[in-house]
Amino acid sequence: MIDSSPMLLSSHCLPIPATFRFNSFETTFDAAIRRSPEGGAQMVVLGRLGELPFTVESKEIRRQLSRIVDASSQIPYADISLDRSQSIVVRGQIAFNGIPSPAMVAAGATVITVALKPICDLVNSCRGPKAATA
């Protein structure tokens, strides 16, 4: 019989390095955990919120999404930028004092994605119903 009590999640540590993928707010996020040189571990969460349209495709949506990316410096735990292919990339990171348990990893991923929710919602609303079906 497997013990599925909450204590199991907090009593075991993850093998480091570790990677995993999860979906939240209509976005797929990739997470990676690695040991940090100072001791402990660091988790980086990366998500792609779609591509910035060319001006010819939609000048207004491009302007709105560019403003969102520019204003994102106020968001805690995350950086939002454009990569070389004009994809909107969100990146958050959290440091752990020791090797994290699965519960600590879940909590850290939640902190990052909840901080990103307003941005995900704004980006999705700028794209409108057409983006939801694409």
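The dialogue below walks through a predicted model of one protein chain, feature by feature.

Trainee: How many helices and strands does the protein chain have, and in what order do the elements run from the N terminus on?

Mentor: A sensible start is to list the elements before looking at how they pack. The protein chain of this predicted model has 3 helices and 5 strands, and from the N terminus on they run α-β-β-β-α-β-β-α.

Trainee: What is the order of the strands in the sheet, and which are the edge strands?

Mentor: The order within a sheet has to be read from the pairing, strand by strand. Here the 5 strands make an open sheet in the order S1-S2-S3-S5-S4, with antiparallel pairing. The edge strands are S1 and S4, the latter covering residues 78-82, and each of them pairs on one side only. From one strand to the next, the twist averages 20 degrees.

Trainee: How should I read the pairing of S1 and S2, and what happens between the strands of that hairpin?

Mentor: Take the sense of the pairing, then a pair of opposite residues, then the turn. Strand S1 (residues 18-24) and strand S2 (residues 27-35) pair in the antiparallel sense over 7 bridges, and Phe-22 stands opposite Phe-29 in S2. The hairpin has 2 residues between the strands, and Phe-25 takes a positive phi near 55 degrees.

Trainee: How many residues lie between S2 and S3 in their hairpin, and which residue in the turn has a positive phi?

Mentor: This hairpin has 5 residues between S2 and S3, and the residue in the turn with a positive phi, of about 105 degrees, is Gly-39. S2 and strand S3 (residues 41-51) pair in the antiparallel sense over 7 bridges, with Gln-42 of S3 as the bridge partner of Arg-34.

Trainee: Which residue of S5 is the bridge partner of Gln-42?

Mentor: That partner is Ala-95. Strand S5 (residues 87-96) runs antiparallel to S3 and is joined to S3 by 9 bridges, so one can follow the sheet through Gln-42, which is bridged to Arg-34 and also to Ala-95 in S5. As a general guide, the side chains of a regular strand alternate between the two faces of the sheet.

Trainee: Is Ser-87 buried or exposed, and what does Ser-87 touch?

Mentor: Burial is judged by relative accessibility, with under 20% counting as buried. Ser-87, whose place is in strand S5, counts as buried because its relative accessibility is 6%. Leaving aside residues up to four places away in sequence, Ser-87 touches Arg-48, Gly-50, Glu-51, Ser-81 and Leu-82.

Trainee: How do I check the span of helix H2, and which of its residues are buried?

Mentor: One compares the expected span with the distance between the end C-alpha atoms. At 1.5 Å a residue, the 13 residues of H2 (residues 59-71) should span 18 Å, and the end C-alpha atoms are 18 Å apart, which agrees. The buried residues of H2 are Leu-65, Ile-68 and Val-69; because they cover an arc of only 95 degrees around the axis, they lie on the same side of H2. On the other side, Lys-59, Arg-67 and Asp-70 are exposed. Arg-63, also found in H2, is partly exposed, with a relative accessible area of 37%, and its C-alpha is 9.2 Å from that of Leu-52, a residue 11 places apart in sequence.

Trainee: Which residues touch the most other members of the largest nonpolar core, and which elements contribute?

Mentor: A core is read first by its membership and then by the elements that supply it. Of the 29 residues in the largest nonpolar core, Met-43, Ile-80 and Leu-116 touch the most other members. The elements giving two or more residues to this core are S2, S3, H2, S4, S5 and helix H3 (102-133), and H3 supplies the largest share, 9 residues.

Trainee: What does Met-43 touch, and how far is its C-alpha from that of Ile-94?

Mentor: Not counting residues up to four places away in sequence, the residues touched by Met-43 include Phe-20, Ala-31, Ile-33, Ile-94, Phe-96, Val-105 and Ala-109. Ile-94, placed in strand S5, is buried with a relative accessible area of 15%; the C-alpha atoms of Ile-94 and Met-43 are separated by 5.3 Å, although the two are 51 residues apart along the chain.

Trainee: What share of the contacts join residues at least 24 apart, and what share of the residues is buried?

Mentor: Among contacts between residues at least 6 apart in sequence, 56% join residues at least 24 apart, and buried residues make up 36% of the 134 residues in the protein chain.

Note on methods: Residues are numbered from 1 along each chain as its sequence is written. This is a predicted model: local features need pLDDT of at least 70, side-chain atom pairs count only at pLDDT 80 or more; totals for chains, interfaces and linings use all residues. Side-chain values use heavy atoms; hydrogens and water are left out. Two strands pair if DSSP finds at least two bridges between them. Helices (H or I, at least four residues) and strands (E, at least two) are DSSP runs, numbered from the N terminus. The expected span of a helix is 1.5 Å times one less than its number of residues. Buried means under 20% relative accessible area, exposed over 50%, partly exposed in between (1.4 Å probe, protein chains only). The arc is that of the directions from the helix axis to the C-beta atoms. Axes are lines fitted to C-alpha atoms, for helices over the stretch in contact, and angles run from 0 to 180 degrees between N-to-C directions. A nonpolar core is a set of buried Ala, Val, Leu, Ile, Met, Phe, Trp, Tyr and Cys residues joined through side-chain atoms within 4.5 Å. Contact means heavy atoms within 4.5 Å.
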